[in-house]
Amino acid sequence: MATTVIDGRPHAITDGHRGRSYPTLRGTMRVWDPTTFRQAGRELLFPMPVHSVTAAPNDRLVVGFGSEAAALSRR
């Protein structure tokens, strides 16, 4: 899990790596608004299990999935 500020509001970023109990969540990343306890936007899907997320400078998120990493930014 990571935390960041989006549009001036705090958000939590979670990965979908939940092991064998929830195999359908393993390739997902979700953004949550902790003030409403709701998911903010749609989940992002990755081709491999997501094992790490972190906030980076310039409003970017770095996602580790499988043996790859991706730096994401808003348009």
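Colleague: What share of the contacts in the chain with a separation of 6 or more comes from residues 24 or more positions apart?

Modeller: In this predicted model, such pairs account for 26% of those contacts. One pair shows the sort of separation involved: His51 and Asp15 are 36 residues apart in sequence. Asp15 does touch His51, which means that heavy atoms of the two come within 4.5 Å.

Colleague: How do you know what kind of secondary structure the chain has?

Modeller: The count comes to 0 helices and 8 strands. Read from the N terminus, the elements go β-β-β-β-β-β-β-β.

Colleague: Let's stay with that Asp. Why is Asp15 called buried?

Modeller: Its relative accessibility is 12%, and buried means under 20%, so Asp15 makes the cut. Asp15 belongs to strand E2, residues 9–15. Beyond its sequence neighbours up to four places away, Asp15 touches Thr28, Val50, His51, Ser52 and Val53.

Colleague: And His51: buried, exposed or partly exposed?

Modeller: His51 sits in strand E6 and comes out at 43% relative accessibility. Exposed takes over 50% and buried under 20%, so His51 is called partly exposed. From C-alpha to C-alpha, His51 and Asp15 are 6.5 Å apart.

Colleague: What makes the largest nonpolar core a core, and which residues are in it?

Modeller: A set of this kind has to be made of buried nonpolar residues joined through side-chain atoms within 4.5 Å. Here 12 residues qualify: Ala2, Ile6, Ile13, Met29, Val31, Phe46, Val50, Val53, Leu61, Val63, Phe65 and Ala70. Elements giving two or more of them are E1, E3, strand E6 (50–56) and E7. E7 has the largest share, with 3 residues.

Colleague: How do you know that Leu61 is buried, as the core requires?

Modeller: Leu61 has a relative accessibility of 13%; the limit is 20%, so Leu61 counts as buried. Leu61 lies in strand E7. Leaving out neighbours within four places, Leu61 is in contact with Thr4, Ile13, Met29, Thr54, Ala55, Ala70, Ala71 and Leu72. The C-alpha atoms of Leu61 and Ala2 are separated by 9.0 Å, although the two are 59 residues apart along the chain.

Colleague: Which residues does Phe65 contact, leaving aside its neighbours within four places in sequence?

Modeller: Phe46, Pro47, Met48, Pro49, Val50, His51 and Ala70. Several of those names come back with Gly66, which touches Met48, Pro49 and His51 once residues up to four places away are set aside.

Colleague: Where is Gly66, and why is Gly66 given the burial class that it has?

Modeller: Gly66 is in the loop between E7 and E8. At 29% relative accessibility, Gly66 falls between the 20% and 50% limits, so the class is partly exposed. Gly66 and Gly27 are 39 residues apart along the chain, with 9.0 Å between their C-alpha atoms.

Colleague: Moving to the empty space: how many residues line the largest pocket, and which lie nearest its centre?

Modeller: The lining has 16 residues, with Ile6, Val31, Leu61, Ser73 and Arg74 nearest the centre. Strands E1 (2–6), E3 (28–33), E7 (60–65) and E8 (68–73) each give two or more residues to that lining. The largest share, 3 residues, is from E1. As for volume, the pocket comes to about 460 Å³.

Colleague: How does that lining divide into nonpolar, polar and charged?

Modeller: 8 nonpolar, 3 polar and 5 charged. Leu61 is one of the lining residues and also one of the core residues.

Colleague: What makes the phi of Asp7 worth a second look?

Modeller: Most residues other than glycine have a negative phi. Asp7 has a positive one, about 55 degrees, without being a glycine. Asp7 is in the loop between E1 and E2. At 63% relative accessibility, Asp7 clears the 50% limit and is therefore called exposed.

Colleague: And why is Phe37 called exposed?

Modeller: Phe37 has a relative accessible area of 71%, and exposed means over 50%, so the label follows. Phe37 is in the loop between E3 and strand E4 (38–39). Phi of Phe37 is positive too, near 60 degrees.

Colleague: What about burial over the chain as a whole?

Modeller: Buried residues make up 31% of the 75 residues. The accessible surface is about 5,400 Å², with 53% of it belonging to carbon and sulfur atoms.

Technical notes. Residues numbered from 1 in each chain as written. Predicted model: local features only at pLDDT ≥ 70, side-chain atom pairs only at ≥ 80, totals over all residues. Heavy atoms only, no water. Helix = DSSP H or I, 4+ residues; strand = E, 2+ residues; numbered from the N terminus. Buried < 20%, exposed > 50% of the residue type's maximum accessible area, 1.4 Å probe, protein only. Areas by Shrake-Rupley, 256 points an atom, 1.4 Å probe, with all protein chains shown as cover. 1 Å grid on protein atoms, 1.4 Å probe; cavity = no way out; pocket = protein on both sides within 12 Å on 5 of 7 lines; lining within 4 Å. Points joined across faces, edges and corners; volume = space filled by probe spheres on them. Nonpolar A, V, L, I, M, F, W, Y, C, P; charged D, E, K, R; others polar.
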